[in-house]
Amino acid sequence: MPTATYPFTAIVAMDDMRLGLLLNAVSPAIGGVLVRGEKGTAKSTAVRALSALLPEIDVVAGCRFACDPSAPDAACPDGPHPAPERTARAARMVELPVGTSEDRLVGSLDIERALAEGVKAFEPGLLADAHRGVLYVDEVNLLGDHLIDSLLDAAAMGAAHVEREGVSVRHSARFLLVGTMNPEEGELRPQLLDRFGLTVEVAASREPEERVEVVRRRLAYDEDPAAFAAKWAAEEEALRERIAAARALLPDVRLGDGALRRIAAVCAGFDVDGMRGDIVTARTATALAAWAGRTEVTTEDIRQAALLSLPHRRRRNPFDAPGLDQAKLDEILSRFEEDEDDPEPQDPGPDNPDPNGPDPDGPGPDGPDDPNGPGGGQPPHHRDTNDPAGQLPPQREDSTAGQDATAPDAAGEQPQAQPAGAASDAPPVSPTDPFRTRKFDVPGLGDGAAGRRSRARTAHGRTTGARRPQGHLSRLHLAATVQAAAPHQRARGRSGPGLVVRRDDLREAVREGREGNLVLFLVDASGSMAARKRMSAVKGAVLSLLLDAYQRRDKIGMITFRGTAAEVALPPTSSVDAGAARLRQLPTGGRTPLAAGLLQAHEVLRVERLRDPSRRPLLVVVTDGRATGGVEPLPRARHAARLLAGQGIASVVVDCESGPVRLGLAAELGRELRGPVVTLDDVRAENVSALVRTVRADRRAA
């Protein structure tokens, strides 16, 4: 097994990712970096390699919370430190596993000792370990809500708080937050997304030579990690020294009023919410100047900083792709070109630097594309000796409808007739604008992952009872514990005011909150749905339900049926973006194999039940209820519906039938599924609210 860390300078290409990580190493105040990209693109490798480049830090000897000897934390649980002994160690890179517990993240208290002895016996968590170092979260988009909330609090306040039944502990927790994620597996909550200073997109190179070099280096590393690391030792040391030099230069970098006005204009021009984008862009531009060895921020620094700090702050809804229009960015910055010759207010002194910065064709972040970039990319003997400082890499530019043969379209829109069984595709239609939907939930009480849809027993929420601890006690029910211990005080020889508590007396709180579910959409894409206005409305309703699933922390999946078969258009995933993309591209036409769709849903839910037994499903069937595919289509569809209902799967039927003549087939399907039937209009939350208000008004009038 490899024992040496893969060298940062040996990573091929990935210029934006390396630059984002290095800028945070120069200026931790930037606030971390989020690396988004497909699997197998060296995201985790680069983050782990970065920790080996960070300078050592001085800590108080014996302090579990890495207090700085020059300014110890007055509230440190291991304090006070009146005359601290100083010791140096490497900055830590702490990994936060997706499946970790809240106690492991923030730390845990020994409740038994706290009650019986009045002692704050605190065991530090990962936030304490990461203080003054790097906190790395792989697959950060898969973190549970309870962990995200704790992480947000610590990142915002620079401190971690642990509260357990009146016992409170606080300690400093300032760290460089680095996350990696694959967008195909779901997006981040906006609150957490905004906490990352920078974001970069990575993708595997499509250049054969670069891919060959990646494989060559990886094979060499796996064969002999120590020898491979030794080969790149000089490059690593040079990069480490450059980071230290840039850190030392950073306080001397000047960010003039002209640069600040450019930053403000860019953020305002892109409608960036709040002021964090402005602040992060300013800090990033300053770090870029220090990294290039300059003491003056240039327009190109601002441009590069904006490309790193603003794309993820422009998303207005989950279906918006992060990104920045570079042409618009250049247009905003070009408005200041005529003012660049105007003198800006400068500190008195004879040696003020040129406000325009160096020649854009010279060394710097906008210079030529050096293959070594910020961290190498060529072996040491290939480095250009005429450019010992290296260059910063530039930003990468990176048919007519079918119709069922058995019935006319009840909506009054007659699609073109098709031969029996034909599945001629109609061009995909765009969905209507999404709207706020009514809430559909799964009946009963679940035990799934925390979310916002159905009732469930969760770690957070309203306390509904008490029970003996199951494993480590983290949610003490104080009243129940006292009640269990009280009858035994005389037998235990209690003589003072304290309560004699044994482990058997402890009770943990049972809490009820909300869980996330698996929402599986079964969408009818047959010819009977192919009238353009109807399909556009159907897609708009499903898109709205997808948005609702995103907000309620659900997993989603999608099955479509048309012609002679059903197809899993989207296997269960947390990526609502992927669901929206599949929906927009959905064609229509052909017969209606409703039974095949229901049976396919049954199979998908069976497999998912084996993978995640605690996540309860909600089946949303979007159809007009017609069944025309195969032998005896209606009886087979009813049998499949009864099969789903018999296994207790909660279902909702969205009836898409419209027009003056209605067959009521969707209502029959709903009865077989034992679930509610709603029309497209009923999906809208405002319509449901208006109905409730009308009913209440009628009752008051009566």
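**Group meeting: two sheets, their helices and some salt bridges**

Let me begin at the surface, where Val214, Val215 and Leu219 form a nonpolar patch with about 260 Å² of accessible area together. A patch here is built from residues with over 30% relative accessible area and no salt bridge, where like charges are joined within 9 Å and nonpolar side chains (Val, Leu, Ile, Met, Phe, Trp, Tyr) within 5 Å. The areas come from the Shrake-Rupley method with a 1.4 Å probe, and for residues only the protein chains shown count as cover. Valine 215 belongs to helix 8, residues 208-223, and is partly exposed at a relative accessible area of 47%; the terms are buried for under 20%, exposed for over 50%, and partly exposed in between, with a 1.4 Å probe and protein chains only.

Before going further, I should say that this is a predicted model, in which local features need pLDDT of at least 70 and side-chain atom pairs count only at pLDDT 80 or more, while totals for chains, interfaces and linings use all residues. Residues are numbered from 1 along each chain as its sequence is written, and side-chain values use heavy atoms, with hydrogens and water left out.

Now to the sheets. Strands of a sheet pair through backbone hydrogen bonds, either parallel or antiparallel. In what follows, two strands pair if DSSP finds at least two bridges between them, and helices (H or I, at least four residues) and strands (E, at least two) are DSSP runs numbered from the N terminus.

One open sheet has 5 strands in the order 4-7-10-1-11, with parallel pairing. Its edge strands are strand 4 (93-95) and strand 11 (198-202), each of which pairs on one side only, and the twist averages 20° from one strand to the next. Within this sheet, strand 1 (residues 33-37) and strand 10 (residues 176-181) run parallel and are joined by 4 bridges, and the bridge partner of arginine 36 in strand 10 is methionine 181. Helix 1 (residues 15-26) packs on the sheet, touching strand 1, strand 10 and strand 11, and its direction makes about 155° with that of strand 11. Contact means heavy atoms within 4.5 Å, while axes are lines fitted to C-alpha atoms, for helices over the stretch in contact, with angles from 0 to 180 degrees between N-to-C directions.

Is asparagine 24, in that same helix 1, buried or exposed? At 1% relative accessibility, asparagine 24 counts as buried, and, leaving aside neighbours within four places in sequence, asparagine 24 is in contact with residues including Val33, Leu176 and Leu198.

The other open sheet that I want to show has 6 strands in the order 17-16-15-18-19-20, with mixed pairing. Strand 17 (565-573) and strand 20 (677-679) stand at the edges with a single partner strand each, so one side of each is left without a neighbour in the sheet. Neighbouring strands here are turned by 20° against each other on average, direction ignored. Strand 16 (residues 555-562) runs antiparallel to strand 17 and is joined to it by 6 bridges, and arginine 562 has alanine 565 of strand 17 as bridge partner. Helix 18 (residues 594-611) lies across strands 15, 16, 17 and 18, running at about 30° to strand 17.

Phenylalanine 440 lies in the loop between helix 14 (326-334) and strand 12 (450-458), and is buried with a relative accessible area of 7%. Not counting residues up to four places away in sequence, phenylalanine 440 touches Arg453, Leu545, Leu618, Val652 and Val678.

That brings me to salt bridges, each being a side-chain nitrogen of Lys or Arg within 4 Å of a carboxyl oxygen of Asp or Glu; the count comes to 34. Arginine 462 and glutamate 512 meet in one of them at 3.5 Å, N to O, and this pair links strand 13 (residues 462-467) with strand 14 (residues 508-515), 50 residues apart. Arginine 462 is exposed at 52% relative accessibility, whereas glutamate 512 is buried at 16%.

Aspartate 548 and arginine 552 meet at 2.9 Å, N to O, and both residues are buried. Which residues are linked with Asp548 and Arg552 in a network of salt bridges? They are Arg453 and Asp554.

Finally, arginine 638 forms a salt bridge with glutamate 668, the closest N and O atoms being 2.8 Å apart. Arginine 638 lies in helix 19 (residues 633-646) and glutamate 668 in helix 20 (residues 665-673), so the pair ties together parts that are 30 residues apart in sequence.
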